[in-house]
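Me: I have a model open and would like to learn how to read its features one at a time. Could you walk me through it?

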Amino acid sequence: MQGKILIVDAISTNRIVLKVKLASAFYEVLQASTADEACVAALRHAPDLIISAMALPDGDAGDLCRRLDRNAQTRAVPVMVVACRPNPESRLQALEAGVQDVMVKPIDDTLLLARVRSLIRAHNTAAEWQMRDDTSRALGFSEDRADFGPAGRSVIVGADKNIAHNWIMKLRPHLRSSLTFSSPDTALRDLAPGRVPDVFILMLEDGDKLSGEVLRLLAAVRATAITRHAGILVVQPRPEPGLGAYALDLGADDLMTDGFEQNEIILRIKALMRRKRIADQMRATVRTGLKAAVSDPLTGLHNRRYAMPHLARVAEHAAATGRSFAVMVADLDHFKRINDFYGHASGDAVLVEAARRLRENLRGVDLLARIGGEEFLIVMPATPFSEARVAASRLCRKIGGEGFVVPGASEPINVTISIGVTMGGNSKSRNNDNEAIDANQLLDAADKALYEAKLQGRNQVNLVRPAA
């Protein structure tokens, strides 16, 4: 499944039609008919996205957003509204309450699915950094985020300079961020560190050639190191579902399909600026505040001090979402012989190279840490049993399949690794009091699995489940 979506609508026909469209795109679909039911379902099932009708029997979409925001477990879930053409006031009220977008019926299926993909992608990215930020806070290395930071920078990019300057004159009094204009061919050329826009507002024009230039810039913004985290808002002069879907799939964060509307674009720019500022602060915490304290100086991996609280966060997240995760303990076989025969410099070289091979064969969301002399901990969130087994076997092959070049050896030396694996986050990962098994218990189960792998001959994977 690509993600979990909760549909909220009092009219069952509307829910069924939308469910069919989403299920055919391989989304898991849940349903609710009221805001009350939606809040309960959001707590119980942790959806990646909520799609709501504008009007509900016990409130409206804005009320639903405000209720979700009161609970730490649900406040980050994005909400999108699907409605018959709402009046401008109710649309703005929904956006002010935190709704990500209001899509007007009839909705083009291509645009709908592109918007769903975009919102879930942004939600998953934010959730990954939030989990890492939570780990930092648990360790005491993160300060509370400020409610507001520097003014920031926004740039309007388009082919028509006069239209852009007209927009700037209308928007500038309502924004804290600086607002400038750039043409598509100069928007990235003159950038320098410290002057990178936080938000790009890309004006699409009538005509394939002009729109093509702006969309090529969109792709370049996402691919350029200093701009890839910037917010991107695409504004179409009129609805073109295929073009809007293409912009979202290229990496646009937000889309306006009906041209310039002053109050709405102000809300969207502020939301992108706020999201960018929070994400920047979380990345800064992870990259700088923790690096020295929670990193292994030899391999550059996280150390045990970081790994155990992070494992606890993964376990908590899995308990909330119902998704399983894998915990692996990997240990280089006969490592003492390497140190004794070739010297400790060679042993260090093996550790560095082993860490590199392991890291390059894991996902970005996976945790790899050195927790002992030649022992590594691997945590793979949202990973079922079958994928964990395949991943562990792949890691074994990557270590043992090619020799290690080390000082003191005339030829590459053979090194192998044994891996013990256990699973968490499922119904069996609970003790007799029905409490989730904690990080130390998961680590102990994986360590016992590793011991069995050693007894069975080394250079292999052994998988066990925690005792129920």
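Reply: Gladly. One term first: two residues are in contact if they have heavy atoms within 4.5 Å of each other. Please also keep in mind that this is a predicted model.

Me: Then let me try that term on one residue. Leaving aside its neighbours within four places in sequence, which residues is D333 in contact with?
Reply: With that neighbourhood set aside, D333 touches T416, I417, S418, K454, R458 and N459. One of these partners, K454, has a side chain joined to that of D333 by a polar contact of 2.7 Å. The chain also brings D333 and V415 together: they are 82 residues apart along the chain, and their C-alpha atoms are separated by 7.0 Å.

Me: Where is D333 found, and is D333 buried or exposed?
Reply: D333 sits in the loop between strand 14 (325-332) and helix 12 (335-342). The cut-off for buried is under 20% relative accessible area. D333 counts as buried because its relative accessible area is 4%. H334 lies in that loop between strand 14 and helix 12 too, but H334 is partly exposed, at 35% relative accessibility.

Me: How do I read unusual backbone geometry?
Reply: Start from the general expectation: most residues other than glycine have a negative phi, and most peptide bonds are trans. Here, H334 has a phi near 50°, a positive value in a residue other than glycine. A46 also has a positive phi, near 50°, and is found in the loop between helix 2 (35-45) and strand 3 (49-52). As for peptide bonds, the one from K105 to P106 is cis, with omega near -5°. P106 belongs to the loop between strand 7 (101-104) and helix 5.

Me: Let's turn to the sheet. What is the order of the strands in the open sheet of 6 strands?
Reply: The order is 13-15-16-14-17-18, and the pairing is mixed. At the edges are strand 13 (302-303) and strand 18 (461-463), each pairing on one side only. You can see both kinds of pairing around strand 15. Strand 15 (residues 367-370) and strand 16 (residues 375-380) run antiparallel, joined by 4 bridges, and a hairpin of 4 residues connects them. Strand 13 and strand 15, by contrast, run parallel and share 2 bridges. For landmarks, find L368 opposite I378 in strand 16, and H302 opposite A369 in strand 15.

Me: And how do I read the two faces of a strand?
Reply: In a regular strand the side chains alternate between the two faces of the sheet. In strand 15, L367 and A369 point one way, while L368 and R370 point the other way; all of them are buried.

Me: Which strands does helix 15 touch where it packs on the sheet?
Reply: Helix 15 (residues 439-455) touches strand 14, strand 16, strand 17 and strand 18, and its direction makes about 145° with that of strand 17.

Me: What should I look for in a nonpolar core?
Reply: In soluble globular proteins, nonpolar side chains tend to be buried together. In this model, the largest nonpolar core has 39 residues, and L22, I51, M80, V116, L202 and V234 are those with the most contacts inside it. Helix 5 (residues 109-139) gives the most to this core, with 7 residues. Apart from that core lies another, of 32 residues, including L301, L358, I378 and I417. To explore around L202, set aside its neighbours within four places in sequence; its contacts are then V157, V214, L217, L218, I232, L233, V234 and V235.

Me: How do I put all this in the context of the whole chain?
Reply: The protein chain has 15 helices and 18 strands, and 49% of its 468 residues count as buried. Among contacts between residues at least 6 apart in sequence, 70% join residues at least 24 apart.

Me: Last topic: over which residues does pLDDT stay under 50?
Reply: That stretch is residues 427-436, for which the model has 18 contacts beyond four places in sequence. Across the protein chain, pLDDT averages 89, and 89% of the residues score at least 70.

Note on methods:
Residues numbered from 1 in each chain as written. Predicted model: local features only at pLDDT ≥ 70, side-chain atom pairs only at ≥ 80, totals over all residues. Heavy atoms only, no water. Core = buried A, V, L, I, M, F, W, Y, C linked by side-chain atoms within 4.5 Å. Buried < 20%, exposed > 50% of the residue type's maximum accessible area, 1.4 Å probe, protein only. Polar contact = N/O pair within 3.5 Å; in protein donor to acceptor, adjacent residues only side chain to side chain. Pairing = 2+ DSSP bridges. Axes fitted to C-alpha atoms, helices over the stretch in contact; angles between N-to-C directions. pLDDT = per-residue confidence, 0-100.
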